Amino acid sequence: MSALQISRRTWLAQSAALSLAVAGPLRAVAQPKATLVLGDQAGGLRSLFEASKALDGAPFAYRWANFQGAAPLFEAQRSAAVDTAMAGDLPVLAAAVGKTPLKIVATRVGKAESLGLVVQPDSPLRSVADLRGKTVVVSSARGSISQYQLYGALEEAGVRRDEVTVKFVLPTDAAAAFASKQIDAWAIFDPYYAIALQQGGRILRDGRGINTALGFITASEHSLADAAKREAIVQFLDRLARAGDWALANPEAYAQAYSQLTRLPIASARLITARASVAGRPVSEADIVALQAVADRSARDGILPVRVDVRAITDTQLWKRPA
């Protein structure tokens with residue numbers, strides 16, 4: 001078996017562990033007032049809670065629903081299949097444009113180097129300017145943080161968007177193509193980005209100076225209209241902040257738990273968790289301003305068909321834990 005076949009098989013095995021779009025078992029409490037379905041991406045949020053045990057003894061029942069990217073997660077929220085979702089800045093805006101009935105209820109803070117443009121280790125591409133005439137695969141769909149990253153990098157390098165062919169592919173499919181060297185360049189986010197780097201990929205441009213590194217928790221308007229679920233969501237957010245505090249204080253334990261849940265190698269898990277959106281806080285005025293800047297630029301660049309009024313899709317009254 002060739003090294004490429006081994007690499008591709010490793011990619012597929014690791015990606016499969018991250019792509020299950022199924023709900024986990026119901027975690028019940030005695031006579032719960034409400035049951036929440038907690039939307040997650042690639043096991044990131046669930047691993048944080050399982051490592052920190054911040055949901056132990058929660059006064060509501062819950063189960064996890066895991067997706068490989070924001071696009072299918074927000075499809076589930078639009079159809080009321082999940083009560084909460086977590087995603088980066090642009091996917092939340094794209095979901096709002098797509099008429100997903102949601103409100104932003106909390107902010108998560110990560111690191112901008114958790115996403116970027118990656119190429120093969122032996123690629124002749126040495127700068128973003130070299131992407132002229134090339135094809136870049138963006139994961140996972142239109143309106144992703146990866147698309148925003150690519151367009152920002154192209155503008156920075158003076159490359160017109162019509163000089164690059166862009167294809168949108170879900171992460172697990174793109175991962176297999178990248179491992180088979182069928183992709184010139186890939187715009188991708190963690191954990192898939194970290195896996196690509198661990199497999200020998202080379203960074204062409206990461207997210208620093210382009211992406212906000214902000215993530216957000218959204219709740220469906222339907223869930224917020226239910227008094228019992230609304231109370232449970234507030235309790236969930238309290239525990240989210242507690243989980244983030246624990247992860248920041250216990251980075252190795254967090255990485256080990258993430259590795260066990262996702263079945264990723266511990267080296268990849270350490271890299272991913274070290275720059276993940278962990279800290280949870282109420283949405284601040286600065287967060288709204290930062291997200292509005294993303295919305296305005298995305299409308300200008302045609303990433304979004306219309307401008308989103310961020311304040312109109314944000315509920316700053318739900319959760320009042322001090323920042």
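Trainee: Which residue just after α6 takes a positive phi?
Mentor: This is a predicted model. Look just past the end of α6, where phi is about 60 degrees. The spot falls in the loop between α6 and β8. The residue is not glycine. It is Lys 181.

Trainee: Why is Lys 181 classed as partly exposed?
Mentor: Most residues other than glycine have a negative phi. That covers the backbone; exposure is a separate matter. Partly exposed lies between the 20% and 50% cut-offs. Lys 181 fits that class because its relative accessible area is 46%.

Trainee: Is helix α6 itself largely enclosed or largely open, and how many of its residues are buried?
Mentor: Helix α6 covers residues 171-179. Its buried residues include Pro 171, Thr 172 and Phe 178, along with Ala 174 and Ala 179. The helix is largely enclosed by the rest of the structure, because the buried count is eight of the nine.

Trainee: Where does the other positive phi, at Ala 213, sit?
Mentor: Phi of Ala 213 is near 70 degrees, and the residue is not glycine. Strand β9 covers residues 202-206. The place of Ala 213 is the loop between β9 and β10.

Trainee: Which peptide bond in the loop between β8 and α7 is cis?
Mentor: Pro 191 lies in that loop, and α7 covers residues 192-198. Omega is near 10 degrees for the bond leading into Pro 191. The cis bond runs from Asp 190 to Pro 191.

Trainee: Which two residues does the cis bond by the β6 to α5 loop join?
Mentor: Ser 140 is in the loop between β6 and α5. Omega of the bond is about 10 degrees. The bond joins Ser 139 and Ser 140.

Trainee: Which residues stand opposite Val 136 in β7 and in β8?
Mentor: β6 runs parallel to β7, with four bridges joining them. β6 also pairs with β8 in the parallel sense, over three bridges. Opposite Val 136 stand Val 166 in β7 and Ala 185 in β8.

Trainee: What is the hand of the crossover from β6 to β7?
Mentor: β6 covers residues 135-138 and β7 covers residues 165-168. The chain goes through helix α5, residues 145-157, on the way. This β-α-β crossover is right-handed.

Trainee: What is the bridge partner of Val 37 in β2?
Mentor: β1 and β2 pair in the parallel sense over seven bridges. With helix α2, they make a right-handed β-α-β unit. Strand β2 is largely enclosed, because six of its seven residues are buried. The partner of Val 37 is Arg 63.

Trainee: What is the volume of the largest cavity?
Mentor: Rolling a probe the size of a water molecule over the atoms shows where empty space is left. The search of the whole structure finds one cavity of 30 Å³ or more. The volume of the largest cavity is about 610 Å³.

Trainee: Which residues are the closest to the centre of the largest cavity?
Mentor: The lining has 37 residues. Elements that give two or more residues to it include α2, β3, α4 and β10. Helices α10 and α11 are also among them. The closest to the centre are Met 86, Ile 145, Phe 189, Asp 190 and Ser 277.

Trainee: What share of the protein counts as buried?
Mentor: The protein has twelve helices and eleven strands. Its accessible surface comes to about 13,200 Å². Of the 323 residues, the buried share is 54%.

Key. Residues numbered from 1 in each chain as written. Predicted model: local features only at pLDDT ≥ 70, side-chain atom pairs only at ≥ 80, totals over all residues. Heavy atoms only, no water. Buried < 20%, exposed > 50% of the residue type's maximum accessible area, 1.4 Å probe, protein only. Areas by Shrake-Rupley, 256 points an atom, 1.4 Å probe, with all protein chains shown as cover. Pairing = 2+ DSSP bridges. Right-handed = clockwise from strand over helix to strand, strands pointing away. 1 Å grid on protein atoms, 1.4 Å probe; cavity = no way out; pocket = protein on both sides within 12 Å on 5 of 7 lines; lining within 4 Å. Points joined across faces, edges and corners; volume = space filled by probe spheres on them.
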